[in-house]
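Reader: I would like to learn how to read a ligand site, an annotated position and some backbone features in a model. Could you take me through them in turn?

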Amino acid sequence: MITVIGLGFVGLTTALGFSEKGYHVYGFDIDQKKKEQLRNGKIPFYEPNLNEKLNKHLNKGFTITDDLQEAVINSEVIFLCVGTPSKTDGSADLGYILEAIKNVAGYIKKPEFKVLVIKSTIPPSTTSERIKPYLENLGFKVGVEIGLTNNPEFLREGYAWDDFMNPDRIVIGQDDDKSGRIVETTYHTFNAPIYRVSLNTAEFIKYLSNTMLATLISFANEQSLIARSIGNIDIKKAFQVLHLDRRWSGAPANMTSYVFPGCGFGGYCLPKDTMALVSQALKNSYTPELLTSTLKVNEAIKEFVVSDVERIVEKNENIGILGLAFKPNSNDIRDTPAKAIIQGLLQKGYKNIIAYDPMANEEFKEVYGFPIQYSPNLSSLLSMVNHVVILTAWDEFIKNEESIKKKNVFDYRFIYQ
Ligand SMILES: NC(=O)c1ccc[n+]([C@@H]2O[C@H](COP(=O)([O-])OP(=O)(O)OC[C@H]3O[C@@H](n4cnc5c(N)ncnc54)[C@H](O)[C@@H]3O)[C@@H](O)[C@H]2O)c1
């Protein structure tokens, strides 16, 4: 049996979803009015499919209870789906979740092992740094006497049922294997890949998703403001044409390769065009904050690479640079991140830099004229260095993982596991 605490959009969908999968589910909420309404077979908000599912499962697989103790005693897994609203300073208000945990924990009698699953959205590190110590203060050895996991929810209002029943992925954050395994088993009939990761990773994955969506929306809005400042631009048409780009679909090098960390954008187009549109908007009295930040982040990531290398590598050591072109399958070195990064390393006092790119050695040497060496192939570079810095995700570097990984690798393109 399962208990779901908090019967809002997420909790009610979770409770009915597990009922549909054949579990007996207890639903608990502190809002008596909400529970009465649900007991009368009516959901207090609009969401397709949920009314029908409520009436199908109510008092059969789904019990709305006032008796939290009974629910907790009979359940092995307890999902917490209470709200986590913003406080006035913008931080997440954990009051509801801590209160709910205290109430639940009060009914857990050792040595029964129950797993708490935080489904509410909470900022990365909250489970390990706030909730775990909170449970320990309540007298539980976490991972031994009580299980603690998180399981972010990705459903969208308006599509909640389908998103919950057919998820793209199920993410389970765990500290101990036993708790993660129990939650994974709970989801065993869902046809979706399950990722068991650290508590912080699971929380981060949820914020990665939401902040990306928020950024894309602000990006689109900022573009519409730039367009308005310039005038005579069909904004709707422009976006519709943007959506025809094959990078939105499964084409090679599609949008996933853009929404992926690396060491900055480069090449002929993205840097110069972003700068030009910023300057055009400024001329038209509109300051595009997001694009200005986009350019700043593109500098910051390269500065990070230099300081990260400096943390580990002594100034008199050899450094191998793998990749000079701004992206694989190209010998374009215009505004490539390798330029600023090598320049930064030289300024820091590194004198023994050896670079190799499958296609761009000559171009880079000719255009930038840096006092560095160039290796004609990968193996000769590897024979000369203990440290390699991967700046371009060439297939050759992916294929030669074994020999490259014998060195200390700075994998700034995240090409390896
Ligand atoms: N709404 C979404 O689309 C969505 C999607 C994914 C994740 N989330 C996250 O899921 C969480 C819940 O969101 P929601 O939209 O379902 O919120 P909601 O406000 O609709 O529901 C929360 C419910 O928790 C109840 N509650 C509060 N304290 C309680 C307690 N101590 N014991 C029992 N019940 C208690 C409230 O009465 C309320 O019914 C939030 O952290 C939210 O960020 C929401």
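Reader: How many nonpolar, polar and charged residues does the shell around the ligand have?

Author: The classes are fixed beforehand: Ala, Val, Leu, Ile, Met, Phe, Trp, Tyr, Cys and Pro count as nonpolar, Asp, Glu, Lys and Arg as charged, and the others, Gly among them, as polar. On that basis the shell has ten nonpolar, six polar and six charged residues. A residue is near the ligand if one of its heavy atoms lies within 4 Å of it, and 22 residues surround the ligand, with Val10, Asp29, Lys34, Thr84 and Glu157 the closest. Please keep in mind that this is a predicted model, in which local features need pLDDT of at least 70 and side-chain atom pairs count only at pLDDT 80 or more, while totals for chains, interfaces and linings use all residues. Residues are numbered from 1 along each chain as its sequence is written, and side-chain values use heavy atoms, with hydrogens and water left out.

Reader: Which polar backbone atoms lie beside the ligand, and at what distance from an oxygen atom of the ligand is that of valine 10?

Author: A polar contact is a pair of N or O atoms within 3.5 Å; within protein, one must be able to donate a hydrogen and the other to accept it, and residues adjacent in sequence count only if both atoms are side-chain atoms. For valine 10 the distance to a ligand oxygen is 2.9 Å, for a backbone N or O atom of phenylalanine 9 to a ligand oxygen it is 3.1 Å, and a ligand nitrogen lies 3.3 Å from a polar backbone atom of isoleucine 30. The protein buries 81% of the 830 Å² that the ligand exposes when taken alone, by the Shrake-Rupley method with a 1.4 Å probe.

Reader: Where does UniProt place the feature "active site"?

Author: UniProt positions are given in the numbering used here, with shortened feature names, and annotations may be inferred rather than shown by experiment. The unreviewed entry places this feature at Cys269. Cysteine 269 is partly exposed, because its relative accessible area is 40% and the classes are buried under 20%, exposed over 50% and partly exposed in between (1.4 Å probe, protein chains only).

Reader: Which peptide bond is cis, and which phi does asparagine 232 have?

Author: Most residues other than glycine have a negative phi, and most peptide bonds are trans. Here the bond from lysine 110 to proline 111 is cis, with omega near 5°. Asparagine 232, although not a glycine, has a positive phi of about 55°, and this residue is exposed at 84% relative accessible area.
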